[in-house]
Number of protein chains: 2
Amino acid sequence: MKFTVVAQSGHARAGLLETAHGVIETPIFMPVGTAGTVKGLTVGELAAPPLDAHVILGNTYHLYLRPGLDVVRAHGGLHRFIGWDRPILTDSGGFQVFSLGELTQIDDDGVTFRSHIDGSLHRLTPERSMEIQETLGSDIAMAFDQCPPGDAEPATVRRAMDRTTAWARRCLDAPRARGQAVFGILQGGADVDLRRRHLDEIGPMPFDGIALGGFSVGEPIPAMYRALDAFAHELPEDRPRYLMGVGTPDDIRRAVAAGVDMFDCVMPTRNARNGQLFTSQGKLVISHAKHRMDTGPIDPECPCECCQLHSRAYLRHLFFAREILYSRLATLHNLTYYLGLVRDLRRKIVAGTLDAPSTR
Amino acid sequence: MKFTVVAQSGHARAGLLETAHGVIETPIFMPVGTAGTVKGLTVGELAAPPLDAHVILGNTYHLYLRPGLDVVRAHGGLHRFIGWDRPILTDSGGFQVFSLGELTQIDDDGVTFRSHIDGSLHRLTPERSMEIQETLGSDIAMAFDQCPPGDAEPATVRRAMDRTTAWARRCLDAPRARGQAVFGILQGGADVDLRRRHLDEIGPMPFDGIALGGFSVGEPIPAMYRALDAFAHELPEDRPRYLMGVGTPDDIRRAVAAGVDMFDCVMPTRNARNGQLFTSQGKLVISHAKHRMDTGPIDPECPCECCQLHSRAYLRHLFFAREILYSRLATLHNLTYYLGLVRDLRRKIVAGTLDAPSTR
């Protein structure tokens with residue numbers, strides 16, 4: 001994997017990330033394809049304008065449980081299983097296992113958990129996570145880390161950092177798929193000193209990129225912004241910086257200005273299905289009665305098929321009728337917004353016209 | 001509306017049906033778009049190859065209740081509300097009101113029923129049905145008829161015929177949308193004598209087409225086949241013949257050979273969502289364990305995106321994960337099969353190579 005910063009504006013960077021399945025232009029947003037599909041969309045739609053997604057994310061936890069690794073292996077990996085020939089990033093499975101709560105037991109070696117599907121008992125360790133990601137054959141694998149909640153005690157955060165460091169070494173020692181990059185993950189919550197301490201441990205390791213885990217996990221948003229503003233640009237300049245699981249359009253603008261290159265979040269896709277649409281005029285709640293007779297588009301500035309062809313009233317009707325087409329069109333729209341947002345940020349960085357976002 | 005038979009093979013006909021929104025090549029299958037959407041698909045997909053649907057069906061009952069006529073009217077009709085500029089046929093709402101069972105009270109003037117959505121009380125008469133269809137602005141409206149179940153007593157069937165005849169006159173007297181055609185409906189169950197008697201009443205009326213209602217409503221399939229074989233070709237030659245709510249691929253082959261031109265059925269779309277796929281090798285149940293590791297397509301002869309790009313194992317995975325994409329791909333596949341079937345029948349009629357289907 002090769003990463004080149006092609007333009008910079010303040011701390012914000014425009015880059016090119018070359019992977020085994022093609023080049024990713026950064027800053028980039030990665031649509032989340034949890035169980036082998038970005039919910040509601042075909043791979044054809046994801047690759048075509050206006051989405052033109054450069055990379056999508058797959059969830060190790062979900063794919064390991066269902067369909068199971070033997071099925072993915074029979075297809076020669078996740079790309080062929082889902083029919084997507086562009087880059088894929090896989091998470092380590094850790095975050096989702098930890099969020100199972102009482103179904104999970106963690107120790108210094110790894111995590112034992114019960115499947116949310118059938119209650120069966122499973123074990124995930126750094127080695128096992130890397131082995132699964134090797135089978136999935138993602139372009140970018142993530143190190144297996146421990147992510148404490150946003151309201152965790154400092155002692156808990158420090159213990160998670162120590163485990164994450166020990167596990168990072170084990171992940172780097174594990175076999176990986178041909179051409180597969182591996183990113184390390186920093187923990188430390190919203191405490192910049194802890195983040196710096198963890199960077200001293202993870203930064204020198206031969207990871208292909210560095211991710212910021214442990215943000216947007218329940219801490220106050222201003223705390224995240226302060227930490228990002230102070231710290232994101234201190235991450236190694238020669239490697240991509242990935243803010244995991246974040247966030248709102250404002251979060252992304254702010255983090256890009258702070259020096260972050262990569263993002264993923266279920267927000268555009270999940271909120272779409274729940275009736276919340278992102279527009280150039282702000283958020284729109286499709287169930288609202290005022291849209292009942294509205295023959296105008298969701299967003300007149302949006303190039304997606306939904307906005308080009310359909311009215312707010314039609315979308316609202318489909319939403320209340322629980323029609324599949326609602327989820328399709330809403331997901332297409334929200335991802336068009338998110339991918340348009342990062343493309344616009346990149347254009348401005350390259351043109352040198354990126355304004356610093358207002359402080360909150 | 002203009003209908004031209006361009007080729008004939010036995011009783012089977014290939015025709016051109018010119019409507020206000022374009023030409024329909026018959027025999028044709030009409031995908032069912034109950035609530036303003038063919039479930040799971042965009043209008044763009046419906047119009048593009050391999051589907052290239054020439055006409056879709058909208059359900060008066062559903063659209064009247066939700067979104068409501070004021071919403072459709074604000075958009076200038078159903079075409080613009082759903083973004084579909086090809087022909088639309090609307091049913092009268094009667095069949096679906098009758099299938100509400102205990103929520104329905106029928107008399108000689110019309111039907112009183114309660115909404116399945118909110119229990120509110122409504123009244124449908126021939127005039128009201130035509131008024132609703134006028135607002136929807138379909139290219140083809142259907143007369144308001146009474147359709148008895150397939151196991152109804154002869155006296156019930158005869159009473160339904162009498163009501164249908166009286167209501168047919170009232171439908172023809174009602175205002176209609178500009179350029180809107182109206183089809184009459186024959187009842188009479190599987191009894192060919194009753195069908196002929198009803199044709200004597202409905203046939204002379206100035207309807208633009210004649211539909212066969214009251215088939216595939218619980219009667220034995222061989223009884224339907226016998227009636228179609230004996231009777232379908234006796235319908236007026238100069239007008240399209242529409243077999244309502246039918247059916248399986250075999251039903252369609254048989255009915256085309258008997259002289260029917262138009263079909264609609266929820267089978268390809270509903271069965272798709274329930275896991276049953278139509279293929280050139282017969283039916284395929286996607287949940288079956290034998291497909292778990294199958295890297296082959298649903299149907300190697302199918303040109304749809306699902307078969308070109310995805311494996312049975314992937315579809316099966318999406319099915320069990322209850323992913324929206326499963327319903328999309330399965331619906332696209334099944335409709336590709338149905339629309340390919342009628343295109344193939346038409347090609348054979350034109351080429352003079354249509355074999356009579358085997359008798360069952």
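These are my notebook entries on a predicted model with chains A and B.

**Entry 1: chain A on its own**

I began with the make-up of chain A. I found 14 helices and 17 strands in chain A. Its radius of gyration is 20 Å, close to the 21 Å that the globule rule gives for 360 residues, so chain A is as compact as a globular protein of that length. I also took the box along the principal axes: the C-alpha atoms of chain A fill roughly 60 × 45 × 40 Å.

**Entry 2: how the two chains are related**

Two copies of a chain are related by a rotation about an axis and a shift along it. I looked up both terms for this pair. Chain B superposes on chain A after a rotation of 180° with 0.0 Å of shift along the axis, and the RMSD is 0.0 Å. I noted this as the relation of a two-fold axis. Which C-alpha of chain B is nearest the axis? I found that of B:Ile324, 3.4 Å from the axis.

**Entry 3: the interface as a whole**

I then turned to the contacts between the chains. In chain B, 41 residues are in contact with 41 residues of chain A. I compared the two sides: 100% of the interface residues of chain B are also interface residues in chain A, so the copies meet through the same surface. The area buried between the chains is about 3300 Å², and carbon and sulfur atoms give 59% of that area. Which three residues supply more of the area that chain B buries than any other three? They are B:His317, B:Ile324 and B:Arg328, with 18% of the area buried by chain B against chain A. B:Ile324 is thus on my list twice, here and as the residue whose C-alpha is nearest the axis in chain B.

**Entry 4: polar and charged pairs across the interface**

I counted 18 residue pairs in polar contact between chain B and chain A, both residues being at pLDDT 80 or more. I then listed the elements of chain B that give two or more residues to the side touching chain A: α1 (43-47), α3 (69-74), α4 (78-82), α12 (305-309), α13 (312-320) and α14 (324-351). By class, I have 18 nonpolar, 13 polar and 10 charged residues on that side of chain B.

For salt bridges, the count between chain B and chain A is 6, and the structure holds 46 over all chains. I looked at two that cross between the chains. B:Arg328 forms a salt bridge with A:Glu45, with the closest N and O atoms 2.7 Å apart. The side chains of B:Glu323 and A:Lys39 meet in a salt bridge at 2.5 Å, N to O. B:Glu323 lies in the loop between α13 and α14 of chain B, and A:Lys39 in the loop between β5 (32-33) and α1 (43-47) of chain A, so this pair joins two chains.

**Entry 5: backbone points to check**

I looked up two cis peptide bonds in chain B. The bond from B:Pro49 to B:Pro50 is cis, with omega near 5°. B:Pro50 lies in the loop between α1 and β6 (56-58) of chain B. The bond from B:Val246 to B:Gly247 is cis as well, with omega near 5°. I placed B:Gly247 in the loop between β14 and α10 of chain B.

In chain A, I noted A:Arg322, where phi is near 50°, a positive value in a residue other than glycine. A:Arg322 is in the loop between α13 (312-320) and α14 (324-351) of chain A.

**Entry 6: B:Thr248**

Where does B:Thr248 lie? I found this residue in the loop between β14 (241-243) and α10 (249-258) of chain B. The side chain of B:Thr248 reaches the backbone nitrogen of B:Asp251 at 2.9 Å. Leaving aside neighbours within four places in sequence, I found B:Thr248 in contact with B:Tyr225, B:Met267 and B:Tyr338.

Terms used: Residues are numbered from 1 along each chain as its sequence is written. Chains are lettered from A and ligands numbered from 1 in the order in which they are written. This is a predicted model: local features need pLDDT of at least 70, side-chain atom pairs count only at pLDDT 80 or more; totals for chains, interfaces and linings use all residues. Side-chain values use heavy atoms; hydrogens and water are left out. Copies are superposed by least squares on the C-alpha atoms of residues with pLDDT of at least 70 in both. Contact means heavy atoms within 4.5 Å. Buried area is the accessible area (1.4 Å probe) that two parts lose on being put together, summed over both. A salt bridge is a side-chain nitrogen of Lys or Arg within 4 Å of a carboxyl oxygen of Asp or Glu. A polar contact is a pair of N or O atoms within 3.5 Å; within protein, one must be able to donate a hydrogen and the other to accept it, and residues adjacent in sequence count only if both atoms are side-chain atoms. Helices (H or I, at least four residues) and strands (E, at least two) are DSSP runs, numbered from the N terminus. Ala, Val, Leu, Ile, Met, Phe, Trp, Tyr, Cys and Pro count as nonpolar, Asp, Glu, Lys and Arg as charged, and the others, Gly among them, as polar. The radius of gyration is taken over C-alpha atoms; the globule rule is 2.2 Å times the number of residues to the power 0.38.
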